[in-house]
Amino acid sequence: MSIRQFEYALAVAEAGSVTAAAESLHVAQPSVSQQIRGLERELGVTLFARTPSGLVPTAVGRAFLRDAEVAVRAARRAKATARAGAAELEGELVVAAQMGLGTRQLPGALTALRRRYPRLEVTVFEEANPAELDRLARRGVVDVALMAGDCGEEDLYVGHHLGDEEFVAVLGPERAQLAGGRVELGEVAREPWIRFDHDSALDGVLRDVLRDNGLAPATVARVSQTATAVRWAAHGLGVTLVPASAVPPGFEHLTRPVLPAVSMPAIAAIRPGAGPAEAALLEFLRQETWHYTAESTGNTSESGHSWVEPPSTTNSLPVV
């Protein structure tokens, strides 16, 4: 078996037909068909079933494709590492971030990475469900994961503490005008709340905060994106609680830190012995500002007061 065969099988699974896969790979259709037939003969199994809607992976085919995807990504990383001299780094870097974490910091770090390695392809996706993020990490699909806190004790990834994200309450315009510095959770708990999907990390934080403070506010809506929650709160639908960096520009005046303070550690999870691309991204992430201050949002109600102390960036913990 060859990596090329794996790539062809993955392309067929994604496209749903040999013809479409050949077009995406820029090769002749007979070449793809031949590689798939050869792969099935060598394995002694049928990887794809023919249906009216196209080729669909069989049960054994789906199991094979999961490992094939890991093998292809590993091969690409090895190739990129071998070509990492000077600014010639090539290949693909896959970054996953828990929803709402590093919203302001990650773009700056990625821009700096692209400047250093202009030929590197970077794919980023935001994952709301921590269980899904963990599954992708265990499959080897993710090169760098930006997550909140420790996700286990196995040594598949090493976690580097970047800093801490403080959560802020987003209030409606009338409510924000009456609020001073920090607002007590007990006060805003009387308002209806805009929350997130049940399985999301953000709703998990909110669920723990409410439980620990003996609060049970009414839920007026559940959304899947932090920007949606902020905008709906700005229209007066209810109150929401999000990481400070996840507040879109133009809405900072509606935010207030809460009492008691709510924060979570921002962790960059990288494989032990990772390549130069991962190391460079970690370097750029460390250079970003991860502590939340009054000046960082333009809120001067507590001028000069740091709501979260600047974090240490030397901690390294097993994450996954």
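Arg175 is partly exposed in this predicted model, with a relative accessible area of 21%. The side chain of Arg175 takes part in a salt bridge with Glu187, in which the closest N and O atoms are 3.8 Å apart. This pair links distant parts of the chain, with Arg175 in helix α7 (residues 173–178) and Glu187 in helix α8 (residues 185–188), 12 residues apart. Glu187 is likewise partly exposed, its relative accessible area being 36%. Because the partly exposed class begins where the buried class, under 20%, ends, Arg175 at 21% falls in the partly exposed class.

In total, 13 salt bridges are present in the structure. Side chains of opposite charge can pair when their charged atoms come close. One of the salt bridges joins Asp208 and Arg211, with an N to O distance of 3.3 Å. Both residues belong to helix α9 (residues 201–212), where a spacing of 3 residues places Asp208 and Arg211 about one turn of the helix apart. Asp208 is partly exposed, at 33% relative accessible area, whereas Arg211 is exposed, with a relative accessibility of 57%. Salt bridges with shared partners also connect Arg195, Asp203, Arg207 and Arg222 in one network.

A further salt bridge is found within helix α4 (residues 59–82). There the side chains of Arg73 and Glu69 meet at 3.8 Å, N to O. Arg73 and Glu69 are 4 residues apart in α4, or about one turn of the helix. The two partners fall on either side of the 20% cut-off for burial: Arg73 is buried, with a relative accessible area of 17%, and Glu69 is partly exposed, at 22% relative accessibility.

Arg73 also contributes to the lining of the largest cavity. The structure holds 1 cavity of 30 Å³ or more, and the space in the largest cavity amounts to about 40 Å³. The lining residues are Arg73, Arg76, Arg77, Glu92, Val94 and Asp143. Two or more of the lining residues come from each of the elements α4 and β3 (91–98). Helix α4 supplies the largest share of the lining, 3 residues. By class, the lining comprises 5 charged residues and 1 nonpolar residue, with no polar residues. Helix α4 thus appears in both contexts, as the location of the Arg73 and Glu69 pair and as the source of the largest share of the cavity lining.

How values were computed:
Residues are numbered from 1 along each chain as its sequence is written. This is a predicted model: local features need pLDDT of at least 70, side-chain atom pairs count only at pLDDT 80 or more; totals for chains, interfaces and linings use all residues. Side-chain values use heavy atoms; hydrogens and water are left out. A salt bridge is a side-chain nitrogen of Lys or Arg within 4 Å of a carboxyl oxygen of Asp or Glu. Buried means under 20% relative accessible area, exposed over 50%, partly exposed in between (1.4 Å probe, protein chains only). On a 1 Å grid over the protein atoms alone, a cavity is a set of points where a 1.4 Å probe fits but cannot get out, and a pocket is an open set with protein on both sides within 12 Å along at least five of seven lines; lining residues have an atom within 4 Å of a point. Grid points are joined across faces, edges and corners, and a volume is the space filled by probe spheres set on the points. Ala, Val, Leu, Ile, Met, Phe, Trp, Tyr, Cys and Pro count as nonpolar, Asp, Glu, Lys and Arg as charged, and the others, Gly among them, as polar.
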